[in-house]
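Hello,

I am passing a structure on to you, since you will be working with it from here. Please look it over first; my notes on what was found follow below.

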Amino acid sequence: MLFLIDSSQISTTYRYSRNEKKMTTLTLHGNWIILIIFVYGTNGDCGCNKLERDAAVVEESDQVCQRQARNTNKHYRDYYADVEVEPEIEGMSLIPGGSVHIGTDIPHFQADRESPERLVKLKDFYLDKHEVSNAKFEEFVSATKYTTEAERFGDSFLFKTLLSAAEQKRLEDYRVASAPWWYKVSGVGWRNPNGVDSSLNGLEQHPVVHVSWRDAVAYCTWAGKRLPSEAEWEAACRGGKQRKLFPWGNKLMPKDQHWLNIWQGDFPDGNTADDGYEGTCPVDRYRQNVYDLYNMVGNVWEWTADLWDTSDVSESPNRVKKGGSYLCHKSYCFRYRCAARSQNTEDSSAGNLGFRCAKDA
């Protein structure tokens, strides 16, 4: 980043040395000070994108989200006071369209195709404020008698910490070869998300998981909605900001407070749960930007409508997922960024994969 500052009233110049991952340099040039800030990044992979049915088995603070009164569409009235405002829809935020930047020219994962940054044009649309909860999904199942793909297949993927040492030993031949902390476990699904003997008691307002892309589409269709496109999801995540890592800015913990549910400690062992959650958190726990959206990053991955490869015509192609999850850690999976992306096949499901719905304005 480069800034020009009028130095006509300044008699001295300063140079600041590298400080961890940021180096700031001030140079006097005529009547101007040139301020240059260098920022550095990291890589990693937690194996979430390996959870396929046919997988091999064995900075000082940027301005943060201002906590405005939680009036749906208030941001829209503030920015576009002279135009007619779309009607409010309960539980959804109206996201203003226009030309927005998505992607990044500073990718952390080249293989994820995070770059290049590009300008896209979007129409106004609505997006659920929260990820779809277990309670909401249960309403859908009760009304339609729907059976999820995990239930039809008879299994889904669980992270190792949800299994006892004895269970891990018994299921060691059912681990994902390239991510051995993931286990394919028979009998788990959205009704018992944390293991065969678990239930939804106390998790009614947590995000539904173990749902495939097709399950998500079925729910959205029943609700009169749809999945968001990747561009819509990312524009909503950014909350009107440009080139920020997170929905609220660039600092992970503004004011030393947790703004999302991710892994703390050493991955894949030793989650200290400093944010208060070893697993998922309630869908209304973390409000992350002025669009009144919660848990856009962290908590659970979210399906989008987009194909990973637009030329993929296979029976179960990869679809783009966004947002990262409670299992993400910077050392392995720094994907709890707005520009980050990953993929799974349409029929895949796991204990950290959910969704939210969109709707045309």
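Strands β11 and β14 run parallel to each other and pair over two bridges. This is a predicted model, so please read everything below as computed from it. In the pairing with β14, E302 stands opposite G354. β11, which covers residues 301-307, also pairs with β12, residues 318-322, this time in the antiparallel sense and over three bridges. Here E302 faces K322 of β12.

Together these pairings belong to an open sheet of four strands with mixed pairing, in the order β13-β12-β11-β14. The edges are taken by β13 (342-345) and β14 (353-354); each has a single partner strand, so one side of each has no neighbour in the sheet.

Two residues in the loop between β13 and β14 may be useful when you look at that part of the chain. One of them is N352, which lies in this loop. N352 has a relative accessibility of 1%, and since buried means under 20%, N352 counts as buried. The side chain of N352 makes a polar contact of 3.0 Å with the side chain of S325.

The other is S348, in the loop between β13 and β14 as well. S348 is buried, with a relative accessible area of 1%. Its side chain is joined to that of T345 by a polar contact of 2.5 Å. S348 can also be set against R214: the two are 134 residues apart in sequence, while their C-alpha atoms are 9.2 Å apart in space.

Next, the cysteines. The structure holds one disulfide. It is formed by C237 and C338, with 2.3 Å between their sulfur atoms. The bond links distant parts of the chain, 101 residues apart: C237 is in helix α6 (residues 230-238), and C338 is in the loop between β12 and β13. The torsion about the S-S bond is about -75 degrees, so this disulfide is left-handed. C237 and C338 are both buried.

Why is there no bond between C328 and C333? The sulfur of C333 is the closest cysteine sulfur to that of C328, but at 3.2 Å it is too far for a bond, because a disulfide needs the two sulfur atoms within 2.5 Å. C328 itself is buried, at 0% relative accessibility. C281 is buried too, with a relative accessible area of 0%.

Last, a pocket. The second largest pocket has a volume of about 380 Å³. Its lining includes two or more residues from each of two elements, α2 (134-144) and α5 (213-222). How many residues line the second largest pocket, and which lie nearest its centre? The lining has 17 residues, and those nearest the centre are G91, D128, H130, K136 and K225. By type, the lining of this pocket divides into eight charged, five nonpolar and four polar residues.

If you want a place to begin, E302 is one option, as it stands opposite K322 in β12 and opposite G354 in β14. From there you can go on to the disulfide of C237 and C338, and then to the second largest pocket, with K136 and K225 among the residues nearest its centre.

Regards

Methods
Residues are numbered from 1 along each chain as its sequence is written. This is a predicted model: local features need pLDDT of at least 70, side-chain atom pairs count only at pLDDT 80 or more; totals for chains, interfaces and linings use all residues. Side-chain values use heavy atoms; hydrogens and water are left out. Two strands pair if DSSP finds at least two bridges between them. On a 1 Å grid over the protein atoms alone, a cavity is a set of points where a 1.4 Å probe fits but cannot get out, and a pocket is an open set with protein on both sides within 12 Å along at least five of seven lines; lining residues have an atom within 4 Å of a point. Grid points are joined across faces, edges and corners, and a volume is the space filled by probe spheres set on the points. Ala, Val, Leu, Ile, Met, Phe, Trp, Tyr, Cys and Pro count as nonpolar, Asp, Glu, Lys and Arg as charged, and the others, Gly among them, as polar. Buried means under 20% relative accessible area, exposed over 50%, partly exposed in between (1.4 Å probe, protein chains only). A polar contact is a pair of N or O atoms within 3.5 Å; within protein, one must be able to donate a hydrogen and the other to accept it, and residues adjacent in sequence count only if both atoms are side-chain atoms.
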